[in-house]
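Me: I should like a close look at a single part of the structure shown below. Please treat it in one connected account.
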Amino acid sequence: MRNRQATQLLSELSHAGRRGAELPPSDVPEWPLEDLLPSEAMAAAPPRLPELAEPDVVRHFVNLSTLNMSVDTHFYPLGSCTMKYNPKRHERLSRLPGIVDVHPHQTAGNIQGLLELLYEMQEMLAEISGLPAVSLQPAAGAHGELTALFVAAAYFRDKGESRTKVIFPASAHGTNPASAAMAGFDCVELKGRSDGFVDIEELKQHLDDKTAVFMVTNPNTLGLFEREIAEIAKVVHDVGGLVYIDGANMNAIMGITRPGDFGGDMMHYNVHKTFTGPHGAGGPGSGPICVRDFLADYLPAPIVRQRDTGSDEKRFELATPSKTIGRVRSFFGNVGILVRGYCYLRTLGAAGVREAAEQAILNANYLKALLADVLPSAHGEHCLHEFVASADGLAKERGITAMDIAKRLLDYGFHPPTVYFPLVVPHAMMFEPTETESKATLDAFSDAIHKIVTEDADLLHTAPHSTPVSRPEEVNATRKPVLTWAACNKE
Amino acid sequence: MSYLFTTSDEQQQMLGRIGVDSLATLLDQIPTQLQLDRPLRMPPALTELELERHLRELASRNVGAASRVCFMGGGAYDHYIPSVVDEVTGRGEFYTAYTPYQAEASQGTLQAFFEFQSLIAELSGLDIANASLYDGGSGVAEAVLMAMRCTGRTGRVVVAGSVNPEAVQSVTTYLADQPTEVLVLPTRHGKVGVAELESYIDETTACIVIQHPNFFGELEDVEQIAAVAHQQGALLIHSFDPISVGLLKRPGELGADIAVAEGQALGVPLQFGGPYLGILACKKELVRKMPGRLIGQTVDRNGQRCFFLNLQAREQHIRRAGAMSNICTNQGLLALRATVYLSLLGPQGLKEVAELSCRKAHYAADRLKQIEGCELLFTGPFFKEFVLKYEHGADSAIRKAAAAGVDIGPMLSRFPNLNWLPQEVRDQCLLVAVTESRTKDEIDRLVTALA
Amino acid sequence: MTAENLKYTKTHEWVAVEGDTATIGISEFAVHLLSDLTYADLPVVGKKITQGQPFGEVESVKAVSDLYAPVSGEVIARNDTLPDHLELLTKDPFGAGWMIKVRVADATELSKLLDHAAYQAHCETEKH
């Protein structure tokens, strides 16, 4: 039950003189601060932070947490996000002393256990991708894309080739064009075929000696495997370009097929998705990249290498690739998330990894079949780990939008699917049930949707009706944004 | 163990409903010749008990701050983390939720991030903060790109040599394929020479990037640097230590247009470098050029206050190639940690953390420089960190300290782009950082180890 | 100013020319199509714009649209009231909702624009 008192803003809960943390007195000589720091650098007073007692803080945040839906509490079939169960053992193990308290500048000799873990993680990611060289540095999938494009740019610069174009399908995640633009490339968007696949003839029209990279998500954002991916890769390679596989949908194919085997030269993983990060309310992620051997020398530094000791003793070191692009962030990478991904892969093993992908495919196809009569999918008889249905028919017949259905699902205790993406499907609803849901949950979810589509349209337009808030006003709030509590007080 | 539910009879029912007779039929979508015809080569699966044994064995071969005395710095610090931070952020409702696109299902996350933005705006002395970026280093690179958008200038970017070298390297990597020239101003005396800086900037310069307190722990003349930037129409990007503003003036008060920070000190564990917390704040007129997520306050259908993802039209999922950044996560859980941490500390607590760190660092510096063969490389005022020069070599200092259970560093020689410092100086120098967590006894132990 | 005597682009900008000064805005049709605009980014005075190239943009909550210059020239005035009063675009798109005034560089460019009737016909095709 919502505690309205405790969920006021921290600034409103503040009471002068309260404190939630005490520190020990100083045990070093009490030299006057004025002797230590120049007076012109000193603040007149500390920042105006809220003043709260420890129980205030706990009650505030615990109550806030209850206003969220989460994988721990609800079915969360958010397409393209892979909201699978986050194993609790990962939380305990990533907080072990010797992992959670290791300083990033600790010398290699003092962190052999951690380097061994990270080295094994590199090896497993290489094996699952079929691409041998790995950087664990990128902080998220989009960061991985950007890093890989920097690698590609460095590679072409090194070869003396001026390649300016990055090509991607219209169904691509927005991160693909955004990353390409950030890395200094010109963007070319392909319309694609009406059945949702890349049109090779259209692609060929744009391929030339200016083509740097073709970025493609496979399976694509419709949950379909690009059957002609090998041919697509070949035509890109024929003009000297590289193929980038957006690994957002690796949960569908891990252990079944590998980007390196179907023509990819570079890819990223989303450890927080595929290897159950967790998502952390929007981050942190971790976006390692894998590349072909001829790109290995350009990877950001450092990477973990195993040193040849000439004996059985394993020694690991941090190494800088010879033509490295430099680095894309401070320190090694999002190690806390990589440790969780490592635990996941070590728990599943080879058979478990494949089984998880297969079960994700089974669940998605089962849900697709259950919903087909009310929310048909325009694309594909079967899908892989997710599918895109369209509420276009309902919108035309009954004036019910994808957003209405999404919002009403909240009243039934389900997190909605992704809506209005990909842009190529009208009233798109993208469902990704993941493998860690039972048939019973999928049945209940389908029942809810079937009920919703028969409900009164007005009831749906104003849904949700049982959540802490309903339909935030966005237009005026965007015209005059209030982004801090200091700004609220000014209004 | 794959955390699965489905039993074989259920699987048959599901396949029946789909209208296929086997799972293999569903995989027909993937051309057979592209399917992997062997199992992945991975180590064998482990049960939870075996996994824990394995992880404990790996962890036992690492040196962690908890079992030692940590005086290490260079951008990550062993500040104390109150237990409430772990307890609250360990709630599954927070850490197993996703990006709060559905406001009705995410008010907890949204309000916490709104509070985070408010707290960071206050810490930075600027109007607006976003809901966080990946980390401090990439945050500096994002801030530079933002300054280029704000000024419309792409000719030059000037970065002080006293900025964290890994952040500098991130900037040069991000700009490698842009026409923009990245000039790094050597800071041989430990901080920016303002007169020299003037000769580096011109009317094509988008921004000056400084760090204060800087990578060497020293204080910069921020107000003078801001004046130099603004005179040429460039922006000042100020990378700051969020703990330092408990004692020191805030970036906004000193003339910064954009403030960035590594927020690790605000309740985030060291965990070998990540995930950490990228902080970015700015003046309100720059808000539409900001990268990253922004949470806004609004009212719902019933007039009740609530929060939502505002100004999304800047972001990649809408603006695609024209987006302010490609970023589509924030460091949500770490932003939450910082929010809880700052709520617990309050103004007085933050001041005390800053003051204790500063006092103890000065005590340590004072004791260390009395040792023969030890001196401080720079002589200007510093906050909680300083560069120690050890005539027998930095690695020897680290070894001696380690033998006494104490960790110091990093050595300056670890950073290839500090090459404007002479090699012999880099070989002899290392950073020593002191937080409120250290005691006088521990400092004395370090002194004894090096004496 | 009435809608009938303006010139239009296929991208829904209108232009009214008096002497060498062109006033530029977006049509009622465009305002309706974009719905609930939240932000307008207009060029500063002194900026040179080029026919057919973007000179600014308008945002709604979930979309961004470029504004394309109907004529080339230098911006000599900007409607600074507009960004804070976007309702003017709905209320009076051809009057108080104007965006910028430009000193026309090349009057012959105007012949490339649509007259009201041709623009109406163009809008009809976009509705389908």
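Which residues of helix 7 of chain A are buried?

Reply: The model is predicted, and what follows should be read in that light. Helix 7 of chain A spans residues 175–182 and is mostly covered, with eight of its eight residues buried. These buried residues are A:Thr175, A:Asn176, A:Pro177, A:Ala178, A:Ser179, A:Ala180, A:Ala181 and A:Met182.

As to their surroundings, the buried residues of helix 7 pack against several elements of chain A, namely helix 6 (141–158), strand 2 (165–169), strand 3 (186–190), strand 4 (211–217) and strand 5 (242–246). Helix 12 (316–319) of chain B also belongs to this packing. After helix 7 of chain A comes A:Gly184, which has a positive phi, near 90 degrees.

Turning to chain B, its domain assignment gives domain 1 (67–77 + 346–450) and domain 2 (83–340). Taken over C-alpha atoms, the centres of domain 1 and domain 2 of chain B are separated by 27 Å. Their contact involves 23 residues from domain 1 and 27 residues from domain 2 of chain B. On the side of domain 1 that touches domain 2, helix 13 (332–368) and strand 12 (385–390) of chain B are the elements that give two or more residues. Helix 13 of chain B provides the largest share of that side, seven residues. By class, this side of domain 1 of chain B holds 15 nonpolar, four polar and four charged residues.

How values were computed: Residues numbered from 1 in each chain as written. Chains lettered and ligands numbered in written order. Predicted model: local features only at pLDDT ≥ 70, side-chain atom pairs only at ≥ 80, totals over all residues. Domains from an automatic or database assignment. Contact = placed C-beta atoms within 7 Å. Helix = DSSP H or I, 4+ residues; strand = E, 2+ residues; numbered from the N terminus. Nonpolar A, V, L, I, M, F, W, Y, C, P; charged D, E, K, R; others polar. Buried ≥ 20, exposed ≤ 12 C-beta atoms within 10 Å, placed from the backbone.
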